[in-house]
Amino acid sequence: MSSSDSKSCGALKTEWPELVGQTIEAATKKINADRPDLKVEPLPVGTIIPTVVVPDRVILWVDTVVKVPRIG
(Lines give C-alpha, C1' and ligand atoms only; values in the text may rest on other atoms or scores of the structure.)
Protein backbone atom coordinates (compact mmCIF):
# COMPACT_ATOMS: atom_id res chain seq x y z
CA MET A 1 0.00 0.00 0.00
CA SER A 2 1.20 3.51 -0.73
CA SER A 3 1.54 6.16 1.95
CA SER A 4 -1.39 8.05 0.37
CA ASP A 5 -3.89 5.27 1.10
CA SER A 6 -6.57 6.41 3.54
CA LYS A 7 -6.82 3.10 5.38
CA SER A 8 -4.48 0.37 6.42
CA CYS A 9 -5.15 -3.33 6.03
CA GLY A 10 -8.33 -4.15 7.94
CA ALA A 11 -8.90 -0.59 9.20
CA LEU A 12 -12.03 1.44 8.54
CA LYS A 13 -11.69 4.19 5.96
CA THR A 14 -11.46 7.71 7.45
CA GLU A 15 -10.92 9.92 4.39
CA TRP A 16 -11.75 9.90 0.69
CA PRO A 17 -9.23 11.94 -1.34
CA GLU A 18 -10.42 10.24 -4.53
CA LEU A 19 -13.74 12.10 -4.23
CA VAL A 20 -12.29 15.57 -4.73
CA GLY A 21 -14.03 17.01 -7.79
CA GLN A 22 -16.98 14.60 -7.64
CA THR A 23 -20.61 15.63 -7.19
CA ILE A 24 -22.14 15.76 -3.73
CA GLU A 25 -24.41 12.89 -4.69
CA ALA A 26 -21.57 10.67 -5.95
CA ALA A 27 -19.39 11.46 -2.93
CA THR A 28 -22.22 10.80 -0.49
CA LYS A 29 -23.04 7.49 -2.18
CA LYS A 30 -19.39 6.34 -2.05
CA ILE A 31 -18.90 7.35 1.59
CA ASN A 32 -22.16 5.64 2.59
CA ALA A 33 -21.11 2.51 0.69
CA ASP A 34 -17.73 2.44 2.45
CA ARG A 35 -19.00 3.51 5.88
CA PRO A 36 -22.78 3.21 6.35
CA ASP A 37 -22.26 4.11 10.01
CA LEU A 38 -21.39 7.72 9.11
CA LYS A 39 -23.56 10.76 8.39
CA VAL A 40 -22.46 12.89 5.41
CA GLU A 41 -22.98 16.64 5.78
CA PRO A 42 -22.35 18.93 2.78
CA LEU A 43 -21.33 22.45 3.86
CA PRO A 44 -20.19 25.50 1.90
CA VAL A 45 -16.45 26.19 2.10
CA GLY A 46 -15.91 28.79 4.81
CA THR A 47 -18.76 27.65 7.03
CA ILE A 48 -17.75 28.05 10.63
CA ILE A 49 -18.30 24.86 12.58
CA PRO A 50 -17.66 24.17 16.26
CA THR A 51 -14.25 22.70 16.99
CA VAL A 52 -15.87 19.70 18.65
CA VAL A 53 -15.15 16.41 16.88
CA VAL A 54 -18.26 14.52 15.78
CA PRO A 55 -17.04 10.94 15.31
CA ASP A 56 -19.88 9.85 13.03
CA ARG A 57 -19.87 12.87 10.69
CA VAL A 58 -18.06 13.42 7.39
CA ILE A 59 -18.10 16.99 6.08
CA LEU A 60 -18.17 17.52 2.31
CA TRP A 61 -16.74 20.99 1.70
CA VAL A 62 -18.41 22.41 -1.42
CA ASP A 63 -17.80 25.68 -3.24
CA THR A 64 -19.00 25.46 -6.83
CA VAL A 65 -22.04 27.15 -8.31
CA VAL A 66 -23.35 24.62 -10.82
CA LYS A 67 -26.41 26.41 -12.18
CA VAL A 68 -27.02 30.02 -13.14
CA PRO A 69 -28.45 31.92 -10.16
CA ARG A 70 -31.65 33.64 -11.26
CA ILE A 71 -34.73 35.28 -9.85
CA GLY A 72 -37.87 33.27 -9.57
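**Salt bridges and a nonpolar core**

Hi everyone, let me start with the charges: this structure holds four salt bridges. Please keep in mind that we are looking at a predicted model. The average pLDDT over the chain is 86, and 88% of the residues reach at least 70. Of the chain's elements, α1 has the highest mean pLDDT, at 95, while strand β2, residues 57-62, has the lowest, at 93.

Let's begin with K13. You will find K13 in the segment before α1, which itself covers 24-34. Which residue meets the side chain of K13 in a salt bridge? The partner is E18, with an N to O distance of 2.8 Å. The two side chains are also joined by a polar contact of 2.8 Å. Now, are these two partners buried or exposed? K13 has a relative accessible area of 13%, and the cut-off for buried is under 20%, so K13 counts as buried. E18 is at 40% relative accessibility and therefore counts as partly exposed. In general, side chains of opposite charge can pair when their charged atoms come close.

On to R35, which ties in with K13. R35 sits in the loop between α1 and β1, the latter being 39-44. Its relative accessible area is 10%, so R35 is buried as well. What does the side chain of R35 reach at 2.7 Å? That is the backbone oxygen of K13. If we leave aside residues up to four places away in sequence, R35 touches L12, K13 and W16. R35 also has a salt bridge of its own, with D37, where the closest N and O atoms are 2.6 Å apart. D37 has a relative accessible area of 46%, so this partner is partly exposed, whereas R35 is buried.

Next, have a look at helix α1. K30 and D34 form a salt bridge there, with 3.0 Å between the closest N and O atoms. Why are K30 and D34 separated by about one helical turn? Because they are four residues apart in helix α1. As for accessibility, K30 is at 32% and counts as partly exposed. D34 is partly exposed too, with a relative accessible area of 29%.

So far I have shown you pairs, but there is a wider pattern for anyone thinking about electrostatics. K13, E18, K30 and D34 are linked in a network of salt bridges. If you have the structure open, that network takes in the K13 and E18 pair and the K30 and D34 pair from helix α1.

Let me finish with the nonpolar side. How many residues make up the largest nonpolar core? There are eight: W16, L19, A27, I31, L38, V40, V58 and L60. Both α1 and β2 supply at least two residues each to this core. One of the core members is V40, and not counting residues up to four places away in sequence, V40 touches T28, I31, N32, V58 and L60. Another member is W16, and W16 is one of the residues that R35 touches.

So that you can find your way back, here are the spots to click on. Go to K13 and E18 for the salt bridge at 2.8 Å, then to R35 and D37 for the one at 2.6 Å. After that, V40 is a good place to explore the core, with V58 and L60 among its contacts. Thanks for listening, and I am happy to take questions!

Methods
Residues numbered from 1 in each chain as written. Predicted model: local features only at pLDDT ≥ 70, side-chain atom pairs only at ≥ 80, totals over all residues. Heavy atoms only, no water. Polar contact = N/O pair within 3.5 Å; in protein donor to acceptor, adjacent residues only side chain to side chain. pLDDT = per-residue confidence, 0-100. Buried < 20%, exposed > 50% of the residue type's maximum accessible area, 1.4 Å probe, protein only. Contact = heavy atoms within 4.5 Å. Core = buried A, V, L, I, M, F, W, Y, C linked by side-chain atoms within 4.5 Å.
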